[in-house]
Amino acid sequence: MQIAARAEDRMEDRLKVQLLGGFATFPGEAFRPLTKKTRLLFAYLCLSAGNDVARSSLKALLWSDRSEFQASGSLRRSLADIRKLINQHLFPDILSATADTVRIDANAVDVDALDFERDAQTCDEHRLRDAAHAYGGDLLVGVTIPDPAFEEWLDVERQRLRALALAVCEQLADIASEPQSWDAAEAMARRLLSQDPSCEEAHRALILCFQRTGRTNAAVRQFSICSEALWAHLGVEPEERTKRLLETPGQSVVLPLHTSAARARISQDTAAPQQPTDLAPPLLTADRPVIAVRPLANLSGDPDQNYFSDGLTEDIITELSRFSSLSVVARSSMFAYRDREVDLFEAGRALGAQYVLEGSVRKSGQRIRLTAQLADTETGHRVWAERYDRTLDNIFEMQDELVHTIVSALPGRIEQSDRKRSIRKPPESLVAYDYYLRALEYERQYDRISIVRGRVALEKAVELDPGFARAHALLAFFTFAQQWFDDIVDDTALDRAVRLGKRAIELDPNDNDCYAKLGTAYLSRCDYDQARHYLEQAIEMNPHDAWTWSHYAWLLTTVGEHETSLQYLGNREAIDPYPPNWHWETRGISEYSLRRYSDAAVTFNRIVGPCHWIRGLLAACLGQLGEHEEARRQWARMLREQPGASIESIFAADSNTMQQTADVEHWLEGLQKAGITDGLSAQT
């Protein structure tokens, strides 16, 4: 299949797969003859499209009650059935397999759940609206099997996607400016309420929709419905922020009379739960998110296995403490709550934590299964959930691997949640940390406008808080990045970036992110030895920080160590499928340099709102692929977006991205194959 410039151009060549609200494929009859378990195997592989899935994981998920020999045979038969139907319906090359792994080609399937997740991670109204349309309901409704391993995985995934859907619904209702967006938010809220009538977030989204479209009476009625549902199902009143939606100056919303009266009667008969008196809230930093780790539950049925779950918990607490961007509640504080009948979120709030990590460990035969989820103590929303299956071949290495995987994923999820909180705040309420969070979102977008906005936000952050180390570090990044969008080399800006990075380290010599940002500042000045020194120091200080992996991969790509760079980038993507735009740029450059032109073209097309030079890089990829007309179209579009851009400005002068002369010549070769010269005009 040829690589086209945009994913939309390839839609007719893709197999469409619906996983939300049920299981279906289009053409609709394609997978009907398959057994339920084989359909679920295909669904699971589609959710991992583009990634190798270990056969051992598939056997443990779908055939956990069978012997190794039986499970292997069942997996082979199911894969053969899938491949046969795919070939019959003219969708070849979707499925590939080795002796150890299975993969679905991400370019050959269009999966609604993946589209939903991609669009749900943005703050763009139109993409949030697409996410609302894509969410047809819970994952794989009506399609399940009586296998404990699969049921547990499905429950975790459904909760994770439902939490994401709630966030989309509420955010879309909050920012909507077009009638189609109101309609999408309202329809999604009603769909979520049909699943859970006590879902306050969905009620809140409906109230917002009614208010913003002038349906005041409907908003009041919805508040009453919300109040009754919450009391009937949970025995609680609406949150204060729900009440505030209907407040007018000098008048507050009153709960329905029968609900308030019922609550009053209950409150007389029920004593408030007693909070622990032997614990004092730890000393935590107010300008950083605070996380509490609840002792992992031992579900093995054997009390002698408590040592393992407690050991994992302690290791997670210790490793999370290495992230200076987080404050972690002390081990003794949360372990004191382990055997007490108290509400988890109340316990977290009592300890000053905005987030609580909880989970369980189950040992079954020669396998260990760990589930973990992160929840917001203010709202009760699940921010993140995951399940891990490992064998007991080497229990201590497995323990280290589990801890590494969890603590690598969590800071990014917390940071993302905090960014969403900040984006929704009115400008007058922002403080230095909020400006910093906004800048993080701009870094992820990484386009001309975002770079300018990010610099403005960070300049304000360091003005408000001159001792804010991370704000200085990120400002260093934005300072040298802005000149790339202007196709200039400003030594003064590069020198200032290095000074800002050094200042960040002076302010906080224990923050690995400051070292990583200083390393990239030196990289922008083509000082590769200093760049490597500080980036490797950042990794040594905190080997779990996924953001540092991307920074280090950037250096490796620059100096020509492309295979190693892709390993670091892959590690980041395994726990964060939505990294910043510049991450994909780094991957695309390494893939091209390794002559993986199709992969590079797909990677560059993943960049949202690409900057002008990405079109130049894509043009070279297309030239190598023989798609010369499309290559020239991309180059002409680049010239329209950046008048005065040239081959020299995109490649030869871009030494901070390609140190090796051979790498630069390789890119020029791609353009030459497409017939592109400096004289190519926008009319070509």
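**View 1. Strand β10 and its pairing with β8, β7 and β11 in the predicted model.** Strand β8, residues 297–298, pairs with β10 in the parallel sense over two bridges. Within this pairing, Asn298 of the model has Val361 of β10 as its bridge partner. Strand β7, residues 290–293, also runs parallel to β10, which spans residues 355–364, and three bridges join the two. Here Ala292 is matched with Val356 in β10. The pairing of β10 with strand β11, residues 367–376, is antiparallel and comprises 10 bridges. In that pairing Tyr355 stands opposite Asp376 of β11. In a regular strand, side chains alternate between the two faces of the sheet.

**View 2. The open sheet β2-β1-β6.** Three strands make up this sheet, and their pairing is mixed. The edges are taken by β2 (24–26) and β6 (109–111); each has a single partner strand, so one side of each lacks a neighbour in the sheet. On average, neighbouring strands of the sheet are turned by 20° against each other, direction ignored. Strand β1, residues 15–18, runs antiparallel to β2 and is joined to β2 by three bridges. Lys16 stands opposite Phe26 of β2. Helix α4, residues 112–120, lies across β1 and β6 and runs at about 60° to β6.

**View 3. The open sheet β3-β5-β4.** This sheet is built from three strands with antiparallel pairing. Its edge strands, β3 (53–54) and β4 (95–97), each pair on one side only. Two bridges connect β3 with strand β5, residues 101–104, in the antiparallel sense. Val53 has Val102 of β5 as its bridge partner. Helix α1, residues 36–47, lies across β3, β4 and β5, with a direction at about 75° to β5.

**View 4. The contact between helices α24 and α26.** Helix α24 covers residues 581–593 and helix α26 covers residues 612–624; their axes come within 11 Å and cross at roughly 25°. Because angles under 35 degrees count as roughly parallel, α24 and α26 are described as roughly parallel to each other. Their crossing is left-handed. From α24, the contact is made by Glu585, Ile589 and Tyr592. From α26, Trp613, Ile614, Leu617, Ala620, Cys621 and Gln624 take part. By class, the residues of this contact are seven nonpolar, one polar and one charged.

**View 5. The surroundings of Glu170 in helix α6.** Helix α6 spans residues 148–175 and contains Glu170. Glu170 has a relative accessibility of 14% and therefore counts as buried, the cut-off being under 20%. With neighbours within four places in sequence left aside, the contacts of Glu170 are Glu201, Arg204, Ala205, Leu208, Arg241 and His381. Among these contacts, Glu201 and Glu170 are both charged by residue class, as are Arg204 and Arg241. Ala205 and Leu208, also in contact with Glu170, belong to the nonpolar class.

Notes
Residues are numbered from 1 along each chain as its sequence is written. This is a predicted model: local features need pLDDT of at least 70, side-chain atom pairs count only at pLDDT 80 or more; totals for chains, interfaces and linings use all residues. Side-chain values use heavy atoms; hydrogens and water are left out. Two strands pair if DSSP finds at least two bridges between them. Helices (H or I, at least four residues) and strands (E, at least two) are DSSP runs, numbered from the N terminus. Axes are lines fitted to C-alpha atoms, for helices over the stretch in contact, and angles run from 0 to 180 degrees between N-to-C directions. Angles under 35 degrees count as roughly parallel, over 145 as roughly antiparallel, 65 to 115 as roughly perpendicular and the rest as oblique. A crossing is left-handed if the near helix is turned anticlockwise from the far one by less than a right angle, and right-handed if clockwise. Contact means heavy atoms within 4.5 Å. Buried means under 20% relative accessible area, exposed over 50%, partly exposed in between (1.4 Å probe, protein chains only).
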